[in-house]
Amino acid sequence: MKICCIGAGYVGGPTMAMIAFKAPDISVTVVDLNEKRIAAWNSETLPIYEPGLDEVVKTARGRNLFFSTDVKGAIAAADIIFVSVNTPTKTYGVGAGRAADLRYIESVARTIAEVATSPKIIVEKSTIPVRTATTIQEILAAHPRAAKCQVLSNPEFLAEGTAVADLTNPDRVLIGGERTPEGEAAIEALVAVYARWVPRERIITTNLWSSELSKLVANAFLAQRISSINAISALCEATEADVDEVANAIGKDSRIGPKFLKASVGFGGSCFQKDVLNLTYLCEHFGLPEVAAYWESVIKINDWQKRRFAANIVKALYNTVADKRIAVLGFAFKKDTNDTRETAAISVCRDLLTEQANVVVYDPKVPAHEIVADVLGKGAPANPRLTVAASALEACAGAHAIAIVTEWDEFKTLDYAAIFAGMPKPAFIFDGRNILNLAQLRAIGFRASGIGK
Ligand code: NAD
Ligand code: UGA
């Protein structure tokens with residue numbers, strides 16, 4: 001069997017590497033138009049940082065895992081074609097700022113229609129609006145040479161930073177397809193791929209639309225939990241309740257559960273905001289403005305939380321941070337990834353720069369040029385108030401305040417007593433992810449505060 005995956009990003013790369021790793025008899029080729037990305041996948045330094053991924057890729061690469069820019073060649077040769085291209089929020093025209101931009105999905109569908117002369121199974125791996133499969137089916141059906149293809153939906157649920165563990169042991173694999181004999185046969189072919197390592201009872205099959213919609217709904221529910229606990233964090237700050245204690249107390253209820261109740265400076269990442277916005281757009285499109293407004297509030301609270309964190313820093317520092325050095329520890333949207341898409345750190349840095357602070361950022365995995373481009377905009381002139389340090393210690397030296405924005409493990413074990421000694425007094429520390437023991441920090445002299453306490 002030959003598999004091809006179009007899109008060698010955070011999803012296409014790791015998911016295909018895992019299939020190749022677990023199924024040595026299947027030949028897996030991951031293709032992308034981005035030559036630099038493909039070259040990196042073929043090099044010693046992979047384009048994405050993900051714990052455990054190097055070993056998986058290095059075991060399978062060259063054996064039955066290949067990375068290439070020959071998109072058409074890989075499509076022509078494949079039995080199963082995964083589509084794992086990006087589906088960002090539209091920035092123009094109808095639905096701008098809410099709807100998913102499906103230009104890459106459509107372009108791939110047209111290429112497949114042009115190249116596929118033998119029957120293929122096409123698998124939507126990207127997160128897409130419900131009923132996108134219809135678009136792909138229509139494009140294929142309209143092409144005079146295109147072979148008869150089946151379209152399946154197989155959304156991906158991995159989280160960055162834990163992708164290898166999530167792919168090795170997924171809570172479930174979801175496969176949607178047409179409930180026709182040809183559709184059922186295609187579903188069964190894809191089930192057989194995952195069944196190499198995923199127990200059958202965890203492989204769920206549904207109709208196409210349930211599968212497409214379930215992905216958006218799963219992300220919306222996860223994002224909603226974070227906005228719920230973040231909303232409560234503000235009430236905790238006003239009442240001396242401790243948000244971690246509240247989260248622990250409610251999470252013990254088996255109906256609520258303990259996960260995704262960590263108050264934070266706001267969720268980031270390429271998907272939660274994009275997918276909730278897409279859901280609200282779909283609700284409006286289908287004439288459900290009340291449902292759209294409900295989900296939109298998840299985004300509103302998240303935006304508010306990010307601004308609130310920066311505002312709290314300014315307020316604590318006597319309402320002025322002008323010319324004060326503020327160390328921002330962590331820039332990736334969560335630990336164990338180099339991904340900065342929609343990270344709360346961008347908003348925090350921008351707000352502090354607006355207040356004329358001197359912001360010094362450190363992140364263990366994000367390169368300096370990327371931090372600067374994310375905060376100031378690609379190609380924008382440099383701002384001398386924004387610098388990037390080579391270590392946490394360098395960032396903190398002489399800072400009036402430290403803001404921990406990403407919960408990298410290395411920030412838990414810094415020598416805060418030594419750092420405190422080198423800071424102007426009073427020295428402040430703000431824990432946006434609640435990873436430090438604030439009582440201990442207060443004991444050595446910091447004005448320490450965290451989200452919700
Ligand atoms: P990404 O931007 O990292 O990768 C997408 C890749 O597709 C890019 O390298 C791009 O060059 C390539 N591409 C675009 N058009 C192409 C074309 N016509 N031919 C060949 N290559 C093309 O995106 P990602 O983070 O991997 O996300 C991909 C999809 O998976 C999105 O729909 C996203 O919502 C979804 N998803 C992402 C995650 C995640 O953790 N990042 C998790 C689950 C689902
Ligand atoms: C999320 C989902 O968890 C995945 O299931 C999904 O496949 C993926 O989106 C996607 O569709 O892209 P990801 O964004 O990679 O995965 O990472 P998460 O662990 O979900 O974290 C997202 C953001 O929420 C991070 O900024 C994180 O710090 C924040 N978060 C998470 C909290 O603030 N509190 C929590 O309790 C959990």
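Student: What makes one say that helix α12 lies across strands of the sheet, and which strands are they?

Tutor: In this predicted model, helix α12, residues 289–316, lies across β12 (401–404) and β13. Contact here means heavy atoms within 4.5 Å, and the helix runs at about 165° to β13. Angles run from 0 to 180 degrees between N-to-C directions, so a value of about 165° says that α12 and β13 point in nearly opposite directions. Helix α14, residues 368–376, is placed across β10 (358–362) and β11, at about 155° to β11.

Student: Why is the sheet called open, and what stands at its edges?

Tutor: Six strands form the sheet, in the order β11-β10-β9-β12-β13-β14, and their pairing is parallel. The strands at the edges are β11 (386–388) and β14 (447–450), and because each has a single partner strand, one side of each is left without a neighbour in the sheet. Ignoring direction, neighbouring strands are turned by 20° against each other on average.

Student: How do you know that β13 and β14 count as paired?

Tutor: Two strands pair if there are at least two bridges between them, and β13 (residues 428–431) joins β14 over four bridges in the parallel sense, so the condition is met. Within this pair of strands, D431 stands opposite G450 in β14. In general, the strands of a sheet pair through backbone hydrogen bonds, either parallel or antiparallel.

Student: What makes the approach of K274 to ligand 1 a polar contact?

Tutor: The cut-off for a pair of N or O atoms is 3.5 Å, and a polar side-chain atom of K274 lies 2.6 Å from an oxygen atom of ligand 1, so this pair qualifies. A polar side-chain atom of E160 lies 2.8 Å from a nitrogen atom of ligand 1, while a backbone N or O atom of Y10 lies 2.9 Å from one of the ligand's oxygen atoms. Of the 830 Å² of accessible area that ligand 1 has on its own, the protein covers 91%. The shell around ligand 1 has nine nonpolar, ten polar and seven charged residues, and helix α5 (residues 103–115) gives the most to it, with three.

Student: How do you know that E156 still makes a polar contact with ligand 2?

Tutor: A backbone N or O atom of E156 lies 3.4 Å from an oxygen atom of ligand 2, and the limit is 3.5 Å, so the pair is within it. For F157, a backbone N or O atom is 2.7 Å from an oxygen atom of ligand 2, and for K215, a polar side-chain atom is 2.8 Å from one. Taken alone, ligand 2 exposes 700 Å², of which the protein buries 88%. Its shell divides into eleven nonpolar, three polar and six charged residues, with helix α9 (residues 208–239) giving the most, four residues.

Student: Why is the bond between K425 and P426 called cis, and what makes N319 worth a remark?

Tutor: Omega is about 0° at the peptide bond that joins K425 and P426, and this bond is cis; P426 sits in the loop between α16 (416–421) and β13. N319 has a positive phi of about 65° although it is not a glycine, and its place is in the loop between α12 and β9 (325–329). Both features are set against a general pattern, because most residues other than glycine have a negative phi, and most peptide bonds are trans.

Note on methods:
Residues are numbered from 1 along each chain as its sequence is written. Chains are lettered from A and ligands numbered from 1 in the order in which they are written. This is a predicted model: local features need pLDDT of at least 70, side-chain atom pairs count only at pLDDT 80 or more; totals for chains, interfaces and linings use all residues. Side-chain values use heavy atoms; hydrogens and water are left out. A polar contact is a pair of N or O atoms within 3.5 Å; within protein, one must be able to donate a hydrogen and the other to accept it, and residues adjacent in sequence count only if both atoms are side-chain atoms. Accessible areas come from the Shrake-Rupley method with a 1.4 Å probe; for residues, only the protein chains shown count as cover. Helices (H or I, at least four residues) and strands (E, at least two) are DSSP runs, numbered from the N terminus. Ala, Val, Leu, Ile, Met, Phe, Trp, Tyr, Cys and Pro count as nonpolar, Asp, Glu, Lys and Arg as charged, and the others, Gly among them, as polar.
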